[in-house]
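Me: Could you take a close look at the ligand site for me, and then carry on into the loops and helix packing? I work with models every day, so please spell out the cut-offs as you go.

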Amino acid sequence: MAAINDFVSYETQGTVGIVTINNPPVNALSQAVRAGIKGGIAAAVADDSVTAVVLACAGRTFIAGADITEFGKPPLDPALQDVIPIIEASSKPVVAAIHGTALGGGLETALGCHYRVANPGARLGLPEVKLGILPGAGGTQRLPRVVGVPMALEMITSGNPIGAKKALSVGLVDKIIETDLTEGAIAFAKQIVEEGRPLVKISEQNGKLEEARKNPSLFDDFRKSIARKARNFEAPENCIKAVQASVELPFAEGIKRERELFMELMVGEQAKAQQYFFFSERLANKIPDVPKDTPLIDIKSAGIVGAGTMGGGIAMNFLQAGIPVTIVETSQEALDKGIGIIKKNYAATVSKGRLSQEAMDKNMSLLSGSTELEDLKDVDIVIEAIFENMEVKKEIFGKLDKICKPGSILATNTSTLDINEIGAATSRPEYVIGLHFFSPANVMKLLEEVRTDKTSATVMATCMALAKKIGKVPAMVGVCEGFVGNRMLAKRGEQAGQLILEGAKVEDVDRVLYDFGFPMGPFAMSDLAGNDVGWRIRQGKGVTSPVADAICELGRFGQKTGDGYYHYAKGSRTPEPDPIVEDIIVKAARDAGINRRQVSDEEILKRCIYPMINEAAKILEEGIATRASDIDVIWVYGYGWPVYRGGPMRYADHIGLKNIYDDMLKFKAEHGDNWTPAPLLEKLAKEGKGFKDL
Ligand code: HSC
């Protein structure tokens with residue numbers, strides 16, 4: 001085997017030249033890899049002993065894309081968009097041998113090859129849109145030529161990969177290799193030569209574009225179909241324009257257009273924020289005082305206490321991952337109801353075609369119910385998901401401690417209670433941890449994991465790995481009231497409530513936050529979650545909130561009762577402003593001696609967002625969150641913070657901490673000490689720094 005450079009090698013097997021990339025962990029297309037591919041192809045073309053070439057990757061995956069760490073730095077030759085045409089121009093057929101994931105620039109490289117073979121588990125996609133950009137090395141021009149325009153639009157604007165079987169059916173791969181991939185690819189390459197099959201240059205294939213040429217409204221129809229999902233995002237629109245160029249322009253012109261549209265996005269704030277977020281999500285997996293090689297507990301079974309909405313949703317995550325679950329309720333009736341809801345949820349997914357009946361049956365077969373905690377004695381982890389009551393939780397944890405085998409993890413889904421205290425109710429506090437799922441628990445990606453003073457490294461490392469296994473994105477935080485997410489949310493809620501007393505309309509507050517990019521504003525969110533939830537918590541704490549309480553006293557619990565902060569017509573989820581609510585607010589303001597006034601959209605936004613940022617600064621100072629970027633992960637995945645703004649901490653840095661600090665002082669002069677800037681915010685602002693500098 002001859003080394004082309006440190007990351008790419010060239011060897012021959014009979015008449016086939018093999019160019020192998022070895023750039024762990026994901027074979028990203030760094031400058032050296034690009035140079036190596038160029039050199040490898042040149043070596044194969046110059047090698048008279050070979051008639052065909054295989055492009056393969058060592059390690060766990062085919063090329064997973066451009067090297068994102070090179071983005072924003074001066075470009076280094078050779079550019080990928082220059083290397084791919086060299087592959088395509090090879091006088092000998094080049095076969096890409098795909099395993100793992102061929103993503104972004106990786107798939108674009110494979111599309112430059114004349115043929116593609118893959119193993120059955122391979123996944124292929126163009127996820128650039130998730131990084132705020134578009135495929136910039138020919139992907140928007142070549143993919144539609146292979147899979148047709150509608151499918152290319154879908155793949156490029158969603159960024160979601162497809163499996164090998166699907167790829168085969170649409171012509172994106174030519175063969176699935178069930179045995180050794182490289183050997184299979186070599187055999188395939190030889191066969192190509194023996195059969196005298198052509199060098200398929202995708203750039204010259206126009207057949208699949210014809211249909212789109214006859215249907216000019218296709219692009220506008222597609223735009224409309226993704227409008228809700230793509231709201232406020234810049235990249236999907238440029239993706240559509242680039243694919244449109246593949247239909248309307250000759251290949252070379254289309255490539256130029258792709259480049260322009262790519263660069264437009266690349267220099268924008270959204271791309272920077274989304275790329276920052278990509279690394280933030282991965283950084284959140286790392287806990288500084290938990291070494292990488294910490295031994296893990298093998299989680300082969302789970303128990304869940306409580307078959308309510310949360311318990312059921314949590315169970316579904318485990319079932320989906322193939323982990324058997326025993327769910328425990330206090331009565332058979334409650335148990336049957338809970339299991340019935342899980343079944344109904346799966347059935348709905350089956351009817352929408354998003355789950356096969358077979359998969360549903362398999363999931364349900366992994367679920368068992370019980371009314372006895374004793375049935376959890378052998379499980380590897382228990383997650384308690386009952387109502388928020390410290391005494392009851394302590395009692396349950398005390399019992400679980402005695403029932404469960406040594407070494408099993410005892411987790412609580414509490415969103416408010418002190419988990420140190422819960423841990424102290426057991427003889428194994430080092431095995432106690434918070435696993436705070438977000439509702440609906442089978443949908444929301446975030447898992448806020450809460451370490452106590454005693455949680456062991458093994459338990460933390462196990463729960464971080466477990467999150468990934470059940471399809472969640474974890475962030476580890478410490479114990480405090482509301483942990484990270486809800487503690488910050490409470491600050492936004494306080495201001496939203498205050499703003500409507502001062503004169504802002506409920507629908508204005510919601511509109512401003514919706515326009516900012518949240519899926520909905522705080523009042524619509526409260527109506528969705530149920531206004532009675534907060535009411536009960538306030539009653540428990542002996543605190544009042546005049547407007548929110550008055551709304552609940554009228555039985556206006558939100559969408560489920562048809563009325564809340566808004567009115568909902570029968571069977572509708574569309575919020576309609578309701579004069580009754582306005583009357584309640586006006587009266588509450590009068591009682592509090594507040595002179596109502598016009599409140600600007602700018603003030604609404606600042607007053608809702610800045611207190612959250614200030615609270616986050618306190619959270620960081622207290623060491624409750626490890627890094628500012630972990631807070632961003634929590635807000636994007638748990639609360640729908642728009643990812644194109646990176647998260648609250650990244651947004652704060654974008655606005656400038658000095659600007660936020662100055663506004664905080666202005667608000668303090670008007671509204672009092674609640675607005676006192678956190679010492680960390682003050683320090684960073686005065687030093688001209690951002691959270692990124694911590
Ligand atoms: C692209 O390809 C643009 C093209 O159109 C070309 C444009 C040409 C013009 C360019 C002009 C400038 N780069 O996720 P994991 C790291 S855009 C660098 O935990 P998994 C990751 O940070 C790219 N690093 O593993 C982590 O590092 P850590 C399109 C990358 O097994 C480690 O690898 N491609 C990287 O759960 C392991 O990652 C994508 O968006 C990259 N491309 O998942 C794919 N990808 O250990 C992005 C990963 O230090 N990658 N790393 O924390 C993924 O989706 C996942 O990593 C995989 C593996 C599914 C590949």
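**The ligand shell and beyond**

Reply: Happy to! Helix H2 (80-88), strand E6 (101-103), helix H3 (105-112), helix H11 (251-266) and helix H12 (269-283) each bring at least two residues to the shell around the ligand. Helices (H or I, at least four residues) and strands (E, at least two) are DSSP runs, numbered from the N terminus. The biggest share comes from H12, which gives 3 residues.

A word on the basis: this is a predicted model, in which local features need pLDDT of at least 70 and side-chain atom pairs count only at pLDDT 80 or more, while totals for chains, interfaces and linings use all residues. Residues are numbered from 1 along each chain as its sequence is written, and side-chain values use heavy atoms, with hydrogens and water left out.

Altogether 29 residues surround the ligand, and Glu108, Glu128, Arg282, Lys286 and Lys468 come nearest; a residue is near if one of its heavy atoms lies within 4 Å. By type, the shell splits into 15 nonpolar, 6 polar and 8 charged residues. Here Ala, Val, Leu, Ile, Met, Phe, Trp, Tyr, Cys and Pro are nonpolar, Asp, Glu, Lys and Arg are charged, and the others, Gly among them, are polar.

Now for the contacts with ligand oxygen atoms. A side-chain N or O atom of arginine 282 is 2.6 Å from one, and a polar side-chain atom of lysine 468 is 2.7 Å from one. Alanine 66 uses its backbone instead, with an N or O atom 2.8 Å from a ligand oxygen. A polar contact here is a pair of N or O atoms within 3.5 Å. The ligand alone exposes 1100 Å², and the protein buries 75% of that, using Shrake-Rupley areas with a 1.4 Å probe.

On to the loops. Most residues other than glycine have a negative phi, and most peptide bonds are trans. In the loop between strand E3 (16-21) and helix H1 (31-46) sits proline 25, joined to proline 24 by a cis peptide bond with omega of about 5°. That loop also holds asparagine 27, not a glycine, yet with a positive phi of about 55°. Another cis bond, with omega of about -5°, links aspartate 77 and proline 78; proline 78 lies in the loop between strand E4 (52-57) and H2.

Lastly, the helix packing around H10. Helix H9 (residues 218-226) packs against helix H10 (residues 235-248) at about 160°, with axes 11 Å apart. The pair is therefore roughly antiparallel, a label for angles over 145 degrees. Helix H4 (residues 139-147) crosses H10 at roughly 60°, their axes coming within 8 Å, so H4 is oblique to H10.

Definitions and conventions:
Polar contact = N/O pair within 3.5 Å; in protein donor to acceptor, adjacent residues only side chain to side chain. Axes fitted to C-alpha atoms, helices over the stretch in contact; angles between N-to-C directions. Parallel < 35°, antiparallel > 145°, perpendicular 65-115°, else oblique.
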